[in-house]
Structures are given as structure tokens and as C-alpha cells.
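Visitor: Could you take me on a close look at one part of this structure, and then follow the thread outward to its surroundings? I work at the bench, so please go residue by residue.

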Amino acid sequence: MPEQLSQSQIDALLKKMASGGEDVQEEKQKIKEYDFKSPKKFTKEQLKAMDGLYETFSRMLASFFSGLLRTVCEITVVQIEEQRYYEYNNALPDTALVGLVEMRPENKRYEGSTFILDMSTSVGFYLVDRVLGGPGSGFNLSRDYTDIEIAILTNIIDKITQRLQETWQNNLPISANLAEIQTNARLLQVFAPEDVVLIVILNVKLGQVEGNLNICMPAEFLESVMHTFSLRYARPAKHQDRDKEEQKKRIILENVCESDMEIRVIFDQFQLELQEIMQLQPDDVIPLSKRVDSDVLVTVDKIPWFTAKLGQTKKKKAIRLNDILSGDEVV
């Protein structure tokens, strides 16, 4: 049916409706279900801020894995969602690699909390195989980790924790420490089952293996510190060594000093009509509004910098600088 109906078509439809020959179908509205038992605690802007934070974390972690394993690594943020803790815990496999990270803000106004990092077993076995010099082919295993493997993975997760701390430091001064490693998800009781948590799902591609690295964060902690976040993620200026800063300024100044710049001395400025300028002849005298002993303006690349006095030295015209101009000062 065309989008626009003619008048005759409209009249025909009205007649059918009046006679009952045409059923009128009401437009179905799209209704989105809302669970009042589990209200959403975070806005889209706040989730966007978390997405930006963990995008930075993903890049740092991918660089760390590439250097450690000598292979191409790609890590992306797949999804950020909030849910009940029991939903997250029930989704964990029986054989899991879970790290408990204690997050302690330096500001005493904020209470510390615990983050949960869980890694796919395929990624875990791949890391162990590559670190021990293997080709990284034996990662599809369905067994528990050995004590030696747990020791190796503990060291790796500790390095991941350091990258997590560096990422959060851009928004909140905080310390992150790996408390312990768990391999049995059923014994993992960090939060109450009904507590709301925010889950960050990271997709990890290491060579031929692909898996997830998930980070579980309590909503109560995030709500208390979320106001410190900036959507633009403007990083604070790093405090560098003063000696290095002075050395850097000196090198820049030395390079700038080799640049050629034009210096002009302007005694006075005035305007004439074009007709008067066309009538000017040699030996004509143009009166100025300034005295001969008045200050002159010295410009550097057309920017006023100094005031000076006219003079003479060794039978050559010269100027003597008086003052340095500041801001938009005009003589």
C-alpha cells in the first residue's frame, strides 16, 4: 500500500469501517519490561565512563601480554552489565581461575572493597604453556590446575592487578593488591547473593586461543567513587623530576635561540588618503605627532616587545632598550 492515500481510497476505507467490513488493528506499542526488584543503579553516562576506563586497561594489558608471551594479543571490552552476585557466581564453571583483588582508596572517606577477576581456563593453560617455553597448543584441557601452574598464574595475575591499579590511578588514587587465588567457584562467597555487582567482560585473543577475562565490582563501592570520574578522562599532569624538566626547557630554548626573527623599530604610525600618497614627491616633509626624543616601539615578528630611545653609536643609528612590554600593552 502506498504511504499516501488518495481521497477516494480514504473514503472507501471509511465506508468499510462503518459497515464492519474492515477490522481496525491498533498499533502495538513496544513495551520494555522493568524489574522493580532489581532496579538499575548506573546511568548510561556512568557505564560509558567505566567503558572508557577499561578500554585503557585493555590496551595496557594487551601490551603486557604481547611482551610476556612474544605473540600478538588483542583485548577488547565486550560488555558491561549489572546483575545480582548470585547470577554471576552461578555462571562460573566448576573449574575456574579466580583472583580476589583488594582495592584500597588512599582517601579515607572511601571504604575499600574487593574486585573479582576470573579467567577462562583456555587462556590460563595457554599462559602457562607459553611462559614455560611451549608452543601454546595444549590449552583445551578440562582438569584442575596443579600447584606449579597456580604459582605461575598467581604471578601473572599479580601483574594484571598492577595494570588495574595504574588504570584506576588516572581517576582515583588507589592501591590494588592480589589477596588470593581460588580455583573452586562454589566456595567463592565474597558478597551477599542479592548484592548488585557490575561485570566487565573482556575478550582476550592470544595467538590461536580466545577466551574471557571478567572483572566483578560491587555496586556499593562504585556508587561511592563514581563522582570522581570524568567522561573526558583528562589525565592529571605527571609530577616529573625538576632537574629533568629544567634540562628539557634548556634544550628547547637552545633550539629556539637558533631561529631567525625579524626586529623592527617603529617611530610613529599615521594614515593618509590614497590621493595624498599618490601626490608625494621626493623631499616632501611629512609632520608626525611625536617628538624626536620620544620612545619608539620595537617589534619582534610584528609583536610589540620593547620600548626604546633613538640614538647613535660609532656614527651609526642605534636604539637603547628601555622597558619590556607585557600583555597587550601599547606604547
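Guide: Let's start with Glu223, which sits in helix 6, the stretch covering residues 219-225. Please keep in mind that this is a predicted model. Glu223 has a relative accessible area of 40%, so this residue is partly exposed. On the surface, Glu223 gathers with Glu111, Asp195 and Glu220 in a patch of negative charge.

From that charged patch, we can turn to charges that do find a partner. Side chains of opposite charge can pair when their charged atoms come close. The structure holds five salt bridges, and three of them are worth a visit here.

One of these salt bridges joins the side chains of Arg84 and Glu194, at 3.9 Å from N to O. Arg84 belongs to strand 1 (residues 73-84) while Glu194 is in the loop between strand 4 and strand 5 (196-206), so this pair ties together parts that are 110 residues apart in sequence. The two partners also differ in cover: Arg84 counts as buried because its relative accessibility is 12%, whereas Glu194, at 42%, counts as partly exposed.

Another salt bridge brings together the side chains of Arg143 and Glu149, with 2.7 Å from N to O. Here the arginine is the partly exposed partner, as Arg143 has 36% relative accessibility. Glu149, on the other hand, counts as buried at 10%.

Next come Glu262 and Arg264, whose side chains meet in a salt bridge of 3.5 Å, N to O. Glu262 is partly exposed at 39% relative accessibility, and Arg264 is partly exposed too, with a relative accessible area of 45%.

Now let's move to the strands. Strand 2 covers residues 95-105, and eight of its 11 residues are buried, so strand 2 is largely enclosed by the rest of the structure. Strand 2 is joined by nine bridges to strand 4 (residues 174-184), and these two run antiparallel. If you would like a place to find that pairing on screen, look for Thr95, which stands opposite Asn184 in strand 4. Strand 2 also pairs with strand 3 (residues 113-119), through seven bridges and again in an antiparallel arrangement. A good marker for this second pairing is Leu100, which stands opposite Ile116 in strand 3. As you follow the side chains, it helps to recall that in a regular strand they alternate between the two faces of the sheet.

Strand 1, where we met Arg84, also holds Val77. Val77 has a relative accessible area of 14%, so this valine is buried. Its C-alpha atom is separated by 7.3 Å from that of Ser58, a residue 19 positions away along the chain.

For a similar pair of residues in a helix, try Val131 in helix 4 (residues 121-131). Val131 is partly exposed, with a relative accessible area of 36%. The C-alpha atoms of Val131 and Leu153 are separated by 9.7 Å, and the two residues are 22 apart along the chain.

The backbone has some details to show as well. Most residues other than glycine have a negative phi, and most peptide bonds are trans. Arg70 has a positive phi, near 55°. You will find Arg70 in the loop between helix 2 (44-69) and strand 1, and this arginine counts as exposed because its relative accessibility is 67%. Lys302 also has a positive value, with phi near 70°. Lys302 lies in the loop between strand 8 and strand 9 (303-313), and at 68% relative accessibility this lysine counts as exposed.

Let's finish with another surface patch, this time a nonpolar one. Phe270, Leu272, Leu274, Ile277, Met278, Leu280, Ile286 and Leu288 form it, and together they have about 750 Å² of accessible area. Among them, Ile286 is found in the loop between helix 8 (274-278) and strand 8 (296-300). Ile286 counts as partly exposed, with 36% relative accessibility.

So the walk began at a surface patch of negative charge that includes Glu223, and it ends at a nonpolar surface patch that includes Ile286.

Key: Residues numbered from 1 in each chain as written. Predicted model: local features only at pLDDT ≥ 70, side-chain atom pairs only at ≥ 80, totals over all residues. Heavy atoms only, no water. Patch = residues over 30% accessible without salt bridge, like charges linked within 9 Å, V, L, I, M, F, W, Y side chains within 5 Å. Areas by Shrake-Rupley, 256 points an atom, 1.4 Å probe, with all protein chains shown as cover. Salt bridge = Lys/Arg side-chain N within 4 Å of Asp/Glu carboxyl O. Lys, Arg positive; Asp, Glu negative; His and termini not counted. Charge placed at Lys NZ, Arg CZ, Asp CG, Glu CD. Helix = DSSP H or I, 4+ residues; strand = E, 2+ residues; numbered from the N terminus. Buried < 20%, exposed > 50% of the residue type's maximum accessible area, 1.4 Å probe, protein only. Pairing = 2+ DSSP bridges.
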